[in-house]
Amino acid sequence: MDKQKVDKIICDYLQKIYGFSVKKAFSYDEAEELCSNIVEEVYISLLKADDVVNIEGYIWRISEYTYSRYVSLKKRHSGISIDGMEIPFEEEFLPEDSEEEIARLRREIAFLTQTRRKIVYLFYYENKSISAISKLLNIPEGTVKWHLNKARNELKECFSMERKIGNLGLSPVEATSWSHDGTPGKKGGPEAYLRDKLNLNIVYSVYFAPKTKEEIAVELGVTPVYIEDKIDYLEGNGFLVRQKGNKYTTNVLFYSTVFSLERYEKIAKMKLEIADILVKEYVPLVRKAVSQFNDIYIPDGNRELFEAAAIFYGVSNNCSPYIEKDRSKYYIKTTDGGYYIPCIHLKTTRIDPEYKATLDLPEYWACGNMTRSSAKYPATSWAIDTRYSSREGGWANNLYTDYEYVYEFMTGLISDTSANSEKFDRLRSRKFISDDNKVNIMIYKGLYNDFVKSIPCLDKKIKDKFADFALKAAMENARDYPPQVQDLIVSDGVNGFVSRDVALMVLDILYENGTFKPLSENEKVTSNLIMFSDRLPK
C-alpha cells in the first residue's frame, strides 16, 4: 500500500487507537506507550499489505495482538516469560501473517505435560498471577515458576523443529479379530475396550517400547489433551501398565503382524506327524475309556459322535508337553468383572511371498474350551466350536442359560406356551431342540469333572518326544514379539503345541480313513458339545 494512503489511515484512526489504549492501560503513560506500539505495528503492516478490504477490522486485530504482546512483556518483572513467543488472549484478533506461527505455538502448548499446559494457559490466556495459580492448583509459587520456565525451554526447542508424526499417526493398526484366555466381564472381552481405534492404537503404541503420554501422543499424531482420559481409562482396566518415569507398557498380546508360509508349513508338518502318532497310540485308549459310559443321550443314536468329542477333548487337553511359567502378570482385571489374557489379531503381511505352498491345509480354527455352568440347575456344558460343528457366534453366543432352558424343557418345567416363547425361540434358533420337539444335543448323565477324569492322559514318554518340536517352534515364534510377552509366547507355544489344531488333524484322519462315518447336518449341531446333567431326556 502506498505511503500517502497509509498516512491518511493512521490520521483517521489515531484517536480511536488512543481510546482503545486508554481503556486497556492502567495509566496515561502506559496508554501512550501502548498506543505508540499499536500505531507502529499498524503502519508497518499496512505498508506491506497490497490491499485491505476491512480496514477497521484489520486495525483492531493488530491492536489486540499488540496489546497481548505488551501484557506479555510487562509480565517479565516476575522473571517469567516465553521468550519470543507471545500468546494472544483473543484468538479471533490475530494478524493474518501471524496465524500460522500462533497455530504452531498452540500445537506445541498442547504437547506439554498436563500440569505445564494448565499453568501456561492460566498465566498467558487467563492472565492470572503466579500467586493465584499457586492457590488454584495447590502447589508452591516456586513450583509454578519452575514449570513456566521448563515450558519456555520446551516450547523454544520444539517450536524451532519440525514435529514428526509416528507410524501409527499415519497408518493406525486395525484388529481383525479378538480372543481371550479367561473370563470376560459383563461388557465382553477385550473388544469392549479396544474396538475404539484410538484406544487400540494407544495400547499398541507402547507394545514394543514404553512411552510417556507425550510420546504416545507424538506417535499417534494427536495432542495429549485428547488421549489423557483414555490412557487413564485403559490403565484402570489393566490394558496399560505404568512404569518408572511415568512411562507405559502393555502385557496385552498382539499377535505378530508378519507371517511366513514356510514356517507355518514346517510346523504344520510336525503337527501332522504328531496327529498320526496320536491316532495309533492315543485314540484307542480314549475309545476304550468311554466305551464304559452307558448313561448318554445322543440325538440320532450315533455313538461315534460322543467318541469323537471325547477324543477331541483328550487331544486338546491331555497330550501336550508342559513347561512351568508364571502367566499371572498377563491376566488383566477389568472394572466390569473380567479376568483374562487379552489377545488381539492384526492384519498380517507375508514375508516370504516367493515361497510356494507344498501342503493343501484346511482351516484349523477352534473356539474353546468353553464350559458353562448353571447355579440354578445341575446343568453344565463343554464345547469347542470348529468346522465340524454348525454352531455360530463362538463363546459370545454360547450362554449358560441355553443349558438351563434345555434342562427345563427335558424335565417338563416349561411348556411351549406364549409365556415361554423367548426360551423356546432361543432353543430353536440354536437348534438345541428339533422341529418335532426333541432334545438335539448330547447329554451325559453325570458330572463334568467325572467325564474329565475318565479321559486318559498321553504317556509321558510320548509327550517328551513332542517337547523338542514344541520348544523349537515356540522359540522361533517368540522372536517376532517384544520381550515382555516372549515368556507367554514360549509357554503357550509349548503347552499348547498339541492342542485344538492337532485335535482337528486327528479327527480329519479318523473321518477320512473311515474310522468314523461323515457327520450329518443334524449331528453338526452337537459335534464337540456335551451337556452334563443329573438326568437324561425321556
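Angles between axes count as roughly parallel under 35 degrees, roughly antiparallel over 145, roughly perpendicular from 65 to 115, and oblique for the rest. The structure is a predicted model, in which local features need pLDDT of at least 70 and side-chain atom pairs count only at pLDDT 80 or more, while totals for chains, interfaces and linings use all residues. Residues are numbered from 1 along each chain as its sequence is written, and side-chain values use heavy atoms, with hydrogens and water left out.

**Exercise 1. Describe the protein as a whole by its helices and strands, its buried fraction and its contacts.**

Step 1. The protein has 21 helices and 13 strands. Helices (H or I, at least four residues) and strands (E, at least two) are DSSP runs, numbered from the N terminus.

Step 2. Of its 538 residues, 48% count as buried. Buried is under 20% relative accessible area, exposed over 50%, and partly exposed in between, with a 1.4 Å probe and protein chains only.

Step 3. Contact means heavy atoms within 4.5 Å. Among contacts with a separation of 6 or more, 76% join residues 24 or more positions apart.

**Exercise 2. Classify the packing of helices α19 and α20.**

Step 1. Helix α19 covers residues 460-478 and helix α20 residues 483-495; they pack at an angle of about 150 degrees, with axes 8 Å apart. Axes are lines fitted to C-alpha atoms, for helices over the stretch in contact, and angles run from 0 to 180 degrees between N-to-C directions.

Step 2. α19 and α20 are therefore roughly antiparallel to each other.

Step 3. Their contact is made by Ala470, Leu471, Ala474, Met475, Asn477 and Ala478 of α19, and by Gln486, Ile489, Val490, Gly493 and Val494 of α20.

Step 4. By class, these residues of the α19 and α20 contact are 8 nonpolar, 3 polar and no charged. Nonpolar covers Ala, Val, Leu, Ile, Met, Phe, Trp, Tyr, Cys and Pro; charged covers Asp, Glu, Lys and Arg; the others, Gly among them, are polar.

**Exercise 3. Classify the packing of helices α5 and α6.**

Step 1. The axes of α5 (residues 114-125) and α6 (residues 130-137) come within 10 Å and cross at roughly 135 degrees.

Step 2. α5 and α6 are therefore oblique to each other.

Step 3. On the α5 side the contact uses Lys118, Ile119, Leu122 and Phe123, and on the α6 side Ile130, Ile133, Leu136 and Leu137.

Step 4. The contact of α5 with α6 has 7 nonpolar residues, no polar and 1 charged.

**Exercise 4. Locate Leu471 and Asn369, and list what each touches beyond four places in sequence.**

Step 1. Leu471 sits in helix α19 and is partly exposed, at 42% relative accessibility.

Step 2. Beyond four places in sequence, Leu471 touches Val490 and Val494. Its C-alpha atom is 8.8 Å from that of Phe497, 26 residues apart along the chain.

Step 3. Asn369 lies in strand β10 (residues 367-373) and is partly exposed, at 31%.

Step 4. Outside its neighbours within four places, Asn369 contacts Tyr313, Asn317, Trp382, Ala383, Ile384 and Arg500. The C-alpha atoms of Asn369 and Asp181 are separated by 9.6 Å, with their positions 188 residues apart along the chain.

**Exercise 5. State how many disulfides the structure has, and whether Cys11 and Cys35 are buried or exposed.**

Step 1. With a disulfide taken as a pair of cysteine sulfur atoms within 2.5 Å, a search of the whole structure finds 0.

Step 2. Cys11 is exposed, at 61% relative accessible area, whereas Cys35 is buried, at 8%.
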